[in-house]
Amino acid sequence: MDARVAPRANIRRDTASQRPHVPWAESIAAGLSRLAAVPREDEARALLDARLEWLRGALLASPYYVRRLQQVGLHPGDLQSLQDLRHFPTLERTGLALHWGEVSALPSEDEGCVVVRSSGSTGEPVRVVRDRRDCLHMWAVLRFWLERAEVALPPRPRVVLLDALPGGLEYSVRLPILQDGALHRVSVLRGDARERLRRVSPTVVFSDPEGLRWWAEQDGLPVPGLVLSSAQHLSEALRERLARVLPVPVLNYYATTETGPLAWECFRSTGHFHVLAPDVWLEPDQDEVVVTRLRPSVLPLLRYRPADAGTVRRDACACGFQGWTLEGFGGRGACGFTTPTGRSVDAWALAWVFKHHALRAFRLTQLAPTHFELELVDATEPGPLRERLTGALRNLGWSDAPRLDVRAVSGDSLVTGTKPLPFRTRIPREGNHT
Amino acid sequence: MDFDIKHIRKQLADTPLVSPYPHDLSVAIICDTFRLANLRPPSRQDWTVLEQRDRGAGLWKEQVMMLAHLLTATELRATTAATLRPNMDATTLLQRFFTEVEPLTAEMIRSNVFRLEEFLRKWVHAVEGRVKDEAPQQSAARLKQLDYRTALQEMQRADEARKQEVERRKQELQEAALRATEARGWRE
């Protein structure tokens with residue numbers, strides 16, 4: 001394995017600072033459960049409207065929003081109900097990338113804020129200011145998902161982040177926020193991955209389709225209580241395979257670095273993503289996802305557009321969920337690259353290699369099993385990128401470095417529509433963009 | 001007779017402003033509204049005084065034009081005429097109204113639902129009318145929510161407070177750095 005392709009990681013080890021936030025995490029989970037059980041839309045909307053008071057204050061504390069609202073003759077006080085949102089301006093990813101430091105409010109001095117950078121897998125990388133609660137929010141939402149999946153946590157539960165990314169990064173940290181548990185990041189690229197999983201015996205496994213495919217091929221692994229996959233394309237074939245070897249719920253969720261978790265795919269109805277209200281509001285009856293954050297955070301997000309397709313509708317689902325559901329979700333254009341042995345790997349596992357390139361500024365096309373073409377808008381000095389990409393491909397299954405042609409192109413020639421499609425293959429396969 | 005804000009907004013949506021009214025025409029429309037209520041409209045000299053009081057970056061003529069448009073395109077004129085009381089002074093009423101709507105541009109009133117509502121409600125308030133299906137307290141609360149003039153002041157105050165806080169933190173960091181340097185002492 002070539003670990004040189006891994007980016008430098010800053011692992012936060014001040015885990016004791018999670019403990020004061022346990023009551024908050026419990027209240028988040030309780031809030032999600034409560035709203036998912038409200039059958040009447042007007043009642044649910046009234047509960048969400050009550051959250052706008054925080055947002056009004058947060059907008060006033062954000063230099064970007066104060067300026068933006070003044071430009072169009074609005075002020076935070078105009079936002080009295082969710083119905084008013086449609087009169088407010090949206091925020092694009094490019095806008096957030098440009099004004100990231102001004103969108104957030106001034107953090108309080110003891111907040112312990114961090115700036116994270118999105119992987120750039122759905123557009124240009126965006127820097128995002130996160131406060132402590134933003135960093136812990138996924139763990140609060142996990143409590144809600146465990147409840148929906150009817151999984152009881154043992155004392156000191158172990159959580160595994162099963163990683164199929166080419167970098168092979170691994171670590172272990174305490175997890176006081178989840179019943180004094182522990183989090184282990186395990187790379188499937190390491191020789192002892194199976195051993196570590198057996199030793200850890202996790203209750204919860206976070207992964208992606210590539211990691212789950214690896215899991216499905218292994219024998220004798222412990223059976224967790226819940227498996228989660230971030231909403232990359234989870235093919236029907238993989239779902240069936242997982243159902244055969246892993247008799248546990250697999251929860252497919254939709255999250256972005258900028259917003260945190262937004263929705264989760266119904267256990268009973270594929271393609272229906274239940275919205276995580278009241279933490280976020282996804283505007284109904286639009287053709288694309290438009291997010292407003294209703295949970296207090298250092299970063300107010302008002303009508304943020306993460307550039308994902310989908311339509312939200314009010315839904316009373318057969319699973320018992322009452323609320324808003326995202327349908328026709330089209331995040332990333334699915335693309336599988338074929339290894340020399342004929343195995344298909346998710347091309348998006350390479351996205352982070354291009355972290356410093358806008359998606360509209362490159363395109364990687366597989367022309368043959370051992371032949372790729374990389375089109376770059378700015379092709380000056382592509383040497384380090386070429387080396388990193390070759391290393392990443394080696395870790396994904398190309399044991400002999402494939403042929404990689406780098407070609408300089410104009411930006412216009414890569415634009416294929418509103419959604420960037422930076423990965424393509426010329427090898428026909430179901431679900432691929434060719 | 002109460003002002004039906006929803007209906008007026010609907011009427012306005014059906015009759016968009018195609019081209020700006022000349023100022024003299026706008027003044028004539030407003031004066032006619034007072035005449036309909038048997039009130040003496042402001043004199044030419046009163047209008048000059050009203051214009052001179054304008055402190056809103058030259059927005060007064062835009063506001064006069066938008067008021068004239070609302071009066072002609074909707075039932076606002078009829079309801080206003082029915083609401084005005086004989087002892088009211090038109091010039092004082094207009095002075096109060098234009099002070100209240102000072103920061104609103106014609107573009108805001110034309111294209112922004114909140115500023116249009118604010119403009120209408122402030123007119124209702126100026127003529128001492130009532131909004132249909134609302135208690136006076138509700139109308140006052142809604143007007144307070146919408147008030148752009150107060151909101152601008154609030155946004156300015158928040159901006160200044162933030163800048164001061166940034167400055168304070170910067171100062172503290174500099175002082176801490178200085179203390180650290182002094183504690184290290186002089187070394188070659």
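How many aromatic pairs does a search of the whole structure find over all chains? The count is 20 aromatic pairs. Keep in mind that this is a predicted model.

## A ring pair in chain A

Let's start with A:Trp139 and A:Phe206, which form one aromatic pair, edge-to-face, with 80° between the planes and 5.8 Å centre to centre. A:Trp139 sits in helix H6 (residues 132-148) of chain A, while A:Phe206 belongs to strand E7 (residues 204-207), so the pair ties together parts that are 67 residues apart in sequence. Both A:Trp139 and A:Phe206 are buried.

## Rings in chain B

Over in chain B, B:Phe97 and B:Phe119 also make an edge-to-face aromatic pair: their planes have 70° between them, and the distance is 5.2 Å centre to centre. This one links distant parts of the chain, with B:Phe97 in helix H6 (residues 90-100) of chain B and B:Phe119 in helix H8 (residues 113-126) of chain B, 22 residues apart.

How much of these rings is left accessible? B:Phe97 has a relative accessible area of 0%, so it counts as buried. B:Phe119 is buried too, and its relative accessible area is 0%. The two rings also have company: B:Phe97 and B:Phe119 belong to one aromatic cluster together with B:Trp47, B:Trp60, B:Phe98 and B:Trp123.

## Arginines to look at in chain A

A:Arg213 is part of helix H8 (residues 209-217) of chain A. Is A:Arg213 buried or exposed? With a relative accessible area of 13%, A:Arg213 is buried, because the cut-off for that label is under 20%. Its side chain makes a polar contact with the side chain of A:Glu217, at 2.7 Å. Leaving aside residues up to four places away in sequence, A:Arg213 touches A:Leu238, A:Arg241, A:Arg343 and A:Ser344. Two of the names in that list, A:Arg241 and A:Arg343, are arginines themselves.

Another arginine meets a ring. The charged end of A:Arg314 sits over the ring of A:Trp324, and the distance to the ring centre is 4.5 Å.

## Backbone oddities in chain A

Now for the backbone. Which peptide bond is cis, with omega near 15°? Look at the step from A:Ala277 to A:Pro278. A:Pro278 lies in the loop that runs between strand E11 (273-275) and strand E12 (280-282) of chain A.

Two residues other than glycine have a positive phi: A:Asp285, with phi near 60°, and A:Arg303, with phi near 50°. A:Asp285 is in the loop between E12 and strand E13 (291-293) of chain A, and A:Arg303 is in the loop between E13 and strand E14 (304-305). Their surroundings contrast: A:Asp285 counts as exposed because its relative accessibility is 61%, whereas A:Arg303 counts as buried because its relative accessibility is 8%.

## How chain B is divided

Finally, the domains. The domain assignment splits chain B into domain 1 (5-146) and domain 2 (148-188). How far apart do the C-alpha centres of domain 1 and domain 2 of chain B lie? They are 45 Å apart.

Methods. Residues are numbered from 1 along each chain as its sequence is written. Chains are lettered from A and ligands numbered from 1 in the order in which they are written. Side-chain values use heavy atoms; hydrogens and water are left out. Helices (H or I, at least four residues) and strands (E, at least two) are DSSP runs, numbered from the N terminus. Buried means under 20% relative accessible area, exposed over 50%, partly exposed in between (1.4 Å probe, protein chains only). A polar contact is a pair of N or O atoms within 3.5 Å; within protein, one must be able to donate a hydrogen and the other to accept it, and residues adjacent in sequence count only if both atoms are side-chain atoms. Contact means heavy atoms within 4.5 Å. Rings of Phe, Tyr and Trp (its six-membered ring) pair if their centres lie within 6.5 Å; planes under 30 degrees apart count as stacked, over 60 as edge-to-face and the rest as tilted. A charge sits over a ring if NZ of Lys or CZ of Arg is within 6 Å of the ring centre and within 35 degrees of the ring normal. Domain bounds come from an automatic or database domain assignment.
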